[in-house]
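Trainee: I would like a close look at one part of this model, followed by a connected account of what surrounds it.

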Protein chains: 2
Amino acid sequence: MAITIRDVAALAGVSPSTVSRTCKNNPSISEETKERVRAAMATLGYEPNFQASNLASQNSRTIGLILPVSERFIYANSFFLEMIQGINSYCNVHQYTTTLITGQTEEEALQVIRSMVRTGQTDSFILLYSKQKDPITDYLYNEGLLFAMIGKAYQFANQTIYVDTDNILAGQEATEYLYQLGHRRIGYIGYEKTLLFSSDRKYGYQLAHFEHGLPLQEDYSIEIKDSMKKMPPELSDLLKRPDRPTAFVVTDDFLGVALERTCRECGLTVPEDLSIISFNNSLFAQMTSPPLTSIDINSMQLGAEAATQIIHHMENPNLASTKIIVPHEIVVRESCRPI
Amino acid sequence: MAITIRDVAALAGVSPSTVSRTCKNNPSISEETKERVRAAMATLGYEPNFQASNLASQNSRTIGLILPVSERFIYANSFFLEMIQGINSYCNVHQYTTTLITGQTEEEALQVIRSMVRTGQTDSFILLYSKQKDPITDYLYNEGLLFAMIGKAYQFANQTIYVDTDNILAGQEATEYLYQLGHRRIGYIGYEKTLLFSSDRKYGYQLAHFEHGLPLQEDYSIEIKDSMKKMPPELSDLLKRPDRPTAFVVTDDFLGVALERTCRECGLTVPEDLSIISFNNSLFAQMTSPPLTSIDINSMQLGAEAATQIIHHMENPNLASTKIIVPHEIVVRESCRPI
DNA sequence: ATATTTAATGCAAACGATTGCATGACACAC
DNA sequence: GTGTGTCATGCAATCGTTTGCATTAAATAT
């Protein structure tokens with residue numbers, strides 16, 4: 001059996017409560033006894049039992065990380081693992097753990113979450129995505145659970161802790177970058193508008209147009225639905241028109257790669273015939289040919305900030321809900337060219 | 001405060017121990033009282049407290065999932081998330097949870113693991129990779145901890161639970177596929193040999209050569225080191241030779257995509273000038289152009305089997321260590337062509 | 001009718017921490 | 001010397017289960 005608080009207490013010649021208080025660095029223990037206790041802990045290699053400690057103090061020190069259900073978003077993007085890295089690196093230091101919540105369906109995920117809450121396994125969550133009309137998000141709201149969202153809150157923004165990229169700005173900057181290269185016919189490819197990161201990027205794209213007095217052609221925008229297995233025919237049609245866009249802002253690298261491929265099928269070369277700028281700066285962006293100019297959203301930092309916030313809120317209840325914006329930066333590669 | 005076992009006991013008119021035994025379906029409780037207790041549990045919506053239950057029964061019902069530290073393997077391959085999905089889907093049903101262990105360095109990861117073991121947070125692990133000379137693996141062995149490995153055990157194979165693809169066979173079949181298409185000069189691209197999945201696939205590639213009496217040209221094999229950011233110059237040199245391979249077996253899609261790109265840079269087209277077959281059947285394989293013929297290794301099932309084994313062993317100690325082989329299958333796309 | 005077995009349940013002590021309250025020692029003031 | 005206050009520590013209850021053992025009631029054997 002492992003070393004318990006009693007063993008330490010016995011060795012240090014104090015009571016278990018003193019040991020416990022020493023761990024918590026309680027000021028009512030004198031510095032000298034603390035030293036004695038710490039020495040005892042060190043020689044025995046004591047670490048407090050996680051379960052017992054949590055039971056007694058009625059918390060869980062465990063954060064549930066909720067992954068989106070949709071296949072595309074989980075698997076397409078390495079940034080989930082990057083965010084998790086960021087989250088874990090902060091949690092590791094602060095003695096919190098994370099537990100991953102996934103499911104094949106929203107129902108399954110929701111059931112797991114419910115059970116975790118009921119059994120006291122987890123009392124806070126990080127939602128690794130943001131999506132409108134999401135039953136999981138609704139559940140977290142309705143139960144008044146503590147959670148942080150990575151992405152933009154679409155309701156109760158004031159009561160929600162969230163960590164996000166300034167996607168509107170990012171979309172605007174991406175478009176501006178193309179504009180500065182001389183492009184005037186710029187298209188946009190994104191996901192359905194319930195995915196706020198995508199609709200925000202599109203909004204930024206539109207803002208850039210307004211700013212420069214460029215006309216917005218509705219048929220330059222392509223929306224990819226979750227169910228689509230490949231690029232829709234409208235895209236090929238668009239690429240074959242004489243007044244086709246000379247550049248595209250694309251909402252993630254995954255779609256960027258897909259666009260490159262569609263170009264090839266339509267006989268267009270990137271970047272000679274078409275410039276592409278995308279988001280996330282994942283390995284996709286580096287590996288494809290030509291490699292994509294992409295906006296890096298600092299996924300690890302997004303994760304780390306979310307963890308920071310959630311832990312901060314756990315340890316200081318009644319704190320106001322914070323909103324954090326993590327900076328992004330453009331990583332120039334070979335998919336864009338002056339017109 | 002949540003509903004406790006006492007509340008249920010009170011409502012059902014029995015003692016807490018009876019409720020506990022009912023949950024465990026202990027045969028010494030009569031069927032009728034069980035029914036009564038179950039009814040009480042249902043009306044109150046009772047679920048046993050995770051921490052208390054674990055504390056009393058001295059286990060953790062938590063499996064630590066250890067990700068490799070190397071960036072390339074984590075981020076390059078969607079199959080980690082797929083394996084995790086598979087693991088979780090089994091755990092969800094069996095009331096186990098998983099906790100993700102990552103670190104920027106092996107030291108960090110190891111420290112987290114150590115602490116989890118000491119604090120009783122976790123008592124079993126799934127190693128999501130297999131690698132020679134890995135300090136984490138060594139630690140698990142030396143401490144005699146219960147763990148399952150996804151990938152091939154490189155030592156103490158008899159005492160290790162592992163779940164793997166038959167990579168030798170897969171490598172052989174991939175090579176055979178190219179052979180049947182008429183290719184005779186076949187190259188191989190893989191990782192350093194400490195990564196057993198890669199060296200096994202290479203071994204299979206060699207076996208296929210022996211089988212057909214084909215000569216093995218050592219310089220047809222390229223080894224990609226973890227530190228390499230891009231394909232090495234030897235590869236371009238090889239591709240420019242008149243006696244260059246007409247086909248390649250490539251150890252994962254990530255390298256497959258990289259090879260496609262190198263080809264393009266060398267003025268070769270796939271599959272006209274060069275056929276490629278790779279492994280993992282990740283999104284990379286589908287998205288690149290041309291899409292890659294790839295061997296699907298059923299990542300989700302690998303994960304699910306690992307979870308099954310580990311839980312089985314937790315609930316039945318002293319079970320012999322099992323070795324599970326998950327089948328693979330070739331997914332034909334457009335990167336191979338008869339010579 | 002009594003003794004003995006069997007089945008079903010409850011009691012109470014763990015599990016290993018945390019924490020409100022009591023206690024004791026000591027210092028200082030009067 | 002007594003009273004009051006402060007500081008440091010310990011006692012013991014608690015968190016919500018699990019589980020060995022005792023207990024009771026019923027069933028069977030003699």
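Across the interface of domain 2 of chain A and domain 3 of chain A, how many residue pairs are in polar contact?

Mentor: Bearing in mind that this is a predicted model, the rule finds four residue pairs in polar contact across the interface of domain 2 of chain A and domain 3 of chain A, with both residues of a pair at pLDDT 80 or more. On the side of domain 2 of chain A that touches domain 3 of chain A, helix H5 (71-76) and strand S5 (161-165) of chain A each supply at least two residues, and H5(A) gives the most, with three residues. Sorted by class, the residues on that side of domain 2 of chain A are four nonpolar, seven polar and four charged.

To place this part within its chain, the domain assignment divides chain A into domain 1 (1-58), domain 2 (59-165 + 300-328) and domain 3 (167-296), so that domain 2, as assigned, is made of two segments. The contact between domain 2 of chain A and domain 3 of chain A draws 15 residues from the former and 24 residues from the latter, while their C-alpha centres lie 29 Å apart. As for the size of an interface, it is often given as the accessible area lost when the parts come together. Between domain 2 of chain A and domain 3 of chain A the buried area is about 1,600 Å², with carbon and sulfur atoms giving 51% of it. One salt bridge is counted between these two domains, and a salt bridge is formed by Asp200(A) with Lys152(A), whose closest N and O atoms are 3.1 Å apart.

The contact between the two chains can be described in the same terms. Chain B and chain A bury about 5,000 Å² between them, 55% of it on carbon and sulfur atoms, and the contact takes 55 residues from chain B and 55 residues from chain A. The rule finds two salt bridges across this interface, and the side chains of Arg118(A) and Glu47(B) meet in a salt bridge with an N to O distance of 2.7 Å. Residue pairs in polar contact between chain B and chain A number 28, again with both residues at pLDDT 80 or more. Several elements give two or more residues to the side of chain B that touches chain A, among them helix H6 (79-93), strand S2 (97-101) and helix H7 (106-118) of chain B, and the largest share, eight residues, comes from H6(B). By class, that side of chain B has 24 nonpolar, 25 polar and six charged residues.

Both chains also contribute to the surface near DNA strand C, where helix H2 (16-23) and helix H4 (50-57) of chain A, together with helix H2 (16-23) and helix H4 (50-57) of chain B, each supply at least two residues. H4(A) provides the largest share of this surface, four residues, and the class totals for the surface are 10 nonpolar, 14 polar and three charged residues. Of the 27 residues around DNA strand C, those that come nearest are Ile5(A), Ser20(A), Arg21(A), Lys24(A) and Thr18(B), and sugar and phosphate account for 61% of the strand's atoms that come within 4 Å of the protein. In the side chain of Tyr46(A), an N or O atom is 2.9 Å from a phosphate oxygen of DNA strand C, whereas Ser15(B) places a backbone N or O atom 2.8 Å from a phosphate oxygen of the strand. Ser17(B), for its part, has a side-chain N or O atom 3.0 Å from a base nitrogen of DNA strand C.

Conventions:
Residues numbered from 1 in each chain as written. Chains lettered and ligands numbered in written order. Predicted model: local features only at pLDDT ≥ 70, side-chain atom pairs only at ≥ 80, totals over all residues. Heavy atoms only, no water. Near = heavy atom within 4 Å. Polar contact = N/O pair within 3.5 Å; in protein donor to acceptor, adjacent residues only side chain to side chain. Nonpolar A, V, L, I, M, F, W, Y, C, P; charged D, E, K, R; others polar. Contact = heavy atoms within 4.5 Å. Buried area = accessible area lost by both parts, 1.4 Å probe. Salt bridge = Lys/Arg side-chain N within 4 Å of Asp/Glu carboxyl O.
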